[in-house]
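Biologist: I'm new to this one, so could you bring it up and walk me through it?
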2 protein chains.
Amino acid sequence: MAPLSSGVLGSLDSTSDRAVFRQIADRLREAIDKGRFKEGAKLPSESELVEHFGVSRMTVRNALSVLQGEGLVHSEHGKGVFVRPRPPVRRLASDRFARRHRDQGKSAFTVEAEAAGSRPEVDNLQVKEERPTRDIATRLGEPRKVLARRRRYLLDGRPVEFAASFLPLDIARDTPIAQPNPGPGGIYARLEELGHRLDHFDEEVRARMPTPAEVKSLHLAAGVPVIHLVRTAYDTEGRAVEVCDTVMAADAYVLAYQLPAN
Amino acid sequence: MAPLSSGVLGSLDSTSDRAVFRQIADRLREAIDKGRFKEGAKLPSESELVEHFGVSRMTVRNALSVLQGEGLVHSEHGKGVFVRPRPPVRRLASDRFARRHRDQGKSAFTVEAEAAGSRPEVDNLQVKEERPTRDIATRLGEPRKVLARRRRYLLDGRPVEFAASFLPLDIARDTPIAQPNPGPGGIYARLEELGHRLDHFDEEVRARMPTPAEVKSLHLAAGVPVIHLVRTAYDTEGRAVEVCDTVMAADAYVLAYQLPAN
DNA sequence: GAGTGGTCTAGACCACTTG
DNA sequence: AAGTGGTCTAGACCACTCA
C-alpha cells in the first residue's frame, strides 16, 4: 500500500460541524474537479484513504458512496474506484422523424449511429398483441387492444435505450407493422401507406432515477438517471395512431429540439 | 416499539446469494409498489426492521439508502422514513415562447403557474456584465463580454428551477434588457423592439445528477435528478442573440414538445 | 423522556482482480 | 498471495422530533 502523496487531498477540519464523510467526499470532489484525478483515473484505495484521513473504513465508504450517487465515480470490485469517464453522447434531433428521413431502407437509429461512427444494434425485438395500460389507452383513444412492438438499442455493444411502440389493433393488425421487420422507413412509412398521413408528434420528456429492472437492462452505473420520453403520433384526421414509450440512459443522450418563434 | 405485523414484509431467502440488504430493499420496494405503504406513509422504523429481519442496523440502513437513491423514499431526522409523494408536475409547453404569448405584462413563468393554481415567485434576481464561459461564447458567436441575467423560480415556496440568460453585450448594453425588470413580454419582447426579430429557438435537453450546489439551491431530495436545458434564440438574420441555461428539479417538470411530421 | 434517524468505530469474512 | 472493494456485525454517541 503506497503512502498517499500529501497535498493531493487536503485534511479535515475537526472544528467544522460538517460530517467527516461529507468532508472527505468534498476533498475528493474538489480533487476531481481540479483535474488532479482525470477521467478514468483510479482514486486512492479505501485503505489508503482510511490511513490518510485517520478514520474508519465505513466512513471512507460512506464518502465514496456520496460520490457514486452523484455519478462522479464508479467502483470495480477487486480493482478500485475510478473517475467516471463521460461516454460519447448521442444527439437526438427533433426532426428525426420528419418525412424526408423516411425514404431510406434503414431505421433512423441505424442511420444516425453509423453517421456518428458507432456500431448500432437492435435487440430483444418483440411484437405482440395485448391489452393497453390505462395511460396508453388514454393516449390512443381507448382501443380495446393494441399491437406492442418492443426493442432495445445498443451502441458499440452498450445498451442505451429501450422503446415500446403501441398502435391500435384495428390499424396495425395483419399489416407489415405486425411483422418483426416492417420494411424500409419503419412503421411510420407503413402507417402513411395505410392512409394515415402523419400530421405531427407530441413528445413528453421526463427524467428520474431508474428502476432496478432498468438498471439491469441498460447496465446503468450508480448515479445515472434515465430520460423517459413518450411520443404520440397523430394523423391528419387528428387521430392518435401510435404511442412510443422510450427509456434512455441519460449519460448517453442529449435531445435537441428546434422551435419556431411564431 | 410496536411489533411489525407479519405479512406486510416478506422474509429473507437465506439460500439466495443476493445480498441481504438488497433483499430487504426488494421487500420494501414491493410493498410500496403494491400500495401497502402509500405516498407519504411512514415505513417501519430502523429498529423495527432490524428486529423483523434479524439483521444489524447497518444492513437495514444500507437497504434504506438503496431506496433513497432510487428516489422512492426520503428520511426525516427524528421522525422516520417516508414514501416520497410525487409533487405536482409543471408542464413546459414547447410553444411557451411563441410570439403570441409575449403581449402580456407578466412573465411566462408567472402566467403559467397562476393558471395551474400555484403561487409563483422569482428570487435572487441578478443582472451583471461578465466574460462568457467557453461554451456560452461559442453559442453566441464569440462576444468578448455578455450581459448575464440570473434568477431562481419557486412554486408555492418550493425552489424548482434556476436560469441564467446570456446576451452579447453589444446588443443588451444600455437597454431595458439590462434592467432587473425588462418590462412586459420580457427580454424577448425587448429584443424584437431593438430590431432583432426572433426566428427560432434551439433547445438541448440533458439529465444528470445534481451538483452539491444544485442540491442546496433547489432543496433536492436524494434520488432526484435535474433536467439541464440550454436554449439558444436566433434572430431572422441567423444571429444567436441569447442563450438561456436552465437547471430544473426533475421531479417538478415534464417538458412537452410538438413536432411537425414534415 | 422515549423514539427516531445520523454518524462513527473496530473489527470480521468474502469475492474479485492482478501478478 | 496480496490488494481491492462488498457485505455484515455489535456496539456507541449524537441531534432531532414529539408528546
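**A walk through the model**

Modeller: Before anything else, this is a predicted model. A place to begin is Glu142(B), which sits in the loop between helix H5 (134-140) and strand E5 (146-155) of chain B.

Biologist: What is the phi of Glu142(B) like?

Modeller: Glu142(B) has a positive phi of about 60°, although it is not a glycine.

Biologist: And is Glu142(B) buried, partly exposed or exposed?

Modeller: Glu142(B) counts as partly exposed, because its relative accessibility is 45%.

Biologist: What about Asp156(B), where does that one lie?

Modeller: Asp156(B) lies in the loop between E5 and strand E6 (158-168) of chain B, and it has a positive phi of about 50° although it is not a glycine. With a relative accessible area of 45%, Asp156(B) is partly exposed.

Biologist: Changing topic to the DNA, which residues come nearest to DNA strand C?

Modeller: Of the 26 residues around DNA strand C, the nearest are Val20(A), Ser56(A), Thr59(A), His77(A) and Arg57(B). Of the atoms of DNA strand C that come within 4 Å of the protein, sugar and phosphate account for 66%.

Biologist: Which atoms are involved at Ser56(A) and Thr59(A)?

Modeller: At Ser56(A), a polar backbone atom is 2.8 Å from a phosphate oxygen of DNA strand C, while at Thr59(A) an N or O atom in the side chain is 2.5 Å from a phosphate oxygen of that strand.

Biologist: What does His77(B) lie 3.0 Å from?

Modeller: A base nitrogen of DNA strand C lies 3.0 Å from a polar side-chain atom of His77(B).

Biologist: Which elements supply the surface near DNA strand C, and what classes of residue does it have?

Modeller: Chain A brings helix H1 (20-33) and helix H3 (57-69), and chain B brings helix H2 (46-53), helix H3 (57-69), strand E1 (73-76) and strand E2 (80-83), each of them supplying at least two residues. By class, that surface has eight nonpolar, ten polar and eight charged residues.

Biologist: OK, now DNA strand D: how many residues surround it, and which are closest?

Modeller: DNA strand D is surrounded by 25 residues, with Arg57(A), Val20(B), Ser56(B), Thr59(B) and His77(B) the closest. Sugar or phosphate makes up 65% of the atoms of DNA strand D within 4 Å of the protein, and the rest belong to bases.

Biologist: Which atoms of DNA strand D do Ser75(A), Arg57(B) and Thr59(B) lie by?

Modeller: A polar side-chain atom of Ser75(A) is 2.9 Å from a phosphate oxygen of DNA strand D, and a polar side-chain atom of Thr59(B) is 2.5 Å from a phosphate oxygen of that strand. For Arg57(B), a polar side-chain atom lies 3.2 Å from a base nitrogen.

Biologist: Let's move to the sheet: what is the strand order?

Modeller: An open sheet of eight strands runs E4(A)-E5(A)-E6(A)-E9(A)-E8(A)-E7(A)-E10(B)-E3(B), with mixed pairing. Its edge strands, each pairing on one side only, are strand E4 (120-130) of chain A and strand E3 (90-93) of chain B. From one strand to the next, the twist averages 15°.

Biologist: How do E5 and E6 of chain A pair, parallel or antiparallel?

Modeller: Strand E5 (residues 146-155) and strand E6 (residues 158-168) of chain A pair in the antiparallel sense over ten bridges. Within E6(A), Ala164(A) is the residue opposite Arg150(A).

Biologist: Last thing, how many disulfides does the structure hold?

Modeller: Over all chains, the structure holds zero disulfides. Cys244(A) is buried, with a relative accessible area of 1%, and Cys244(B) counts as buried at 1% relative accessibility.

Note on methods
Residues numbered from 1 in each chain as written. Chains lettered and ligands numbered in written order. Predicted model: local features only at pLDDT ≥ 70, side-chain atom pairs only at ≥ 80, totals over all residues. Heavy atoms only, no water. Near = heavy atom within 4 Å. Polar contact = N/O pair within 3.5 Å; in protein donor to acceptor, adjacent residues only side chain to side chain. Helix = DSSP H or I, 4+ residues; strand = E, 2+ residues; numbered from the N terminus. Nonpolar A, V, L, I, M, F, W, Y, C, P; charged D, E, K, R; others polar. Pairing = 2+ DSSP bridges. Axes fitted to C-alpha atoms, helices over the stretch in contact; angles between N-to-C directions. Buried < 20%, exposed > 50% of the residue type's maximum accessible area, 1.4 Å probe, protein only. Disulfide = S-S within 2.5 Å.
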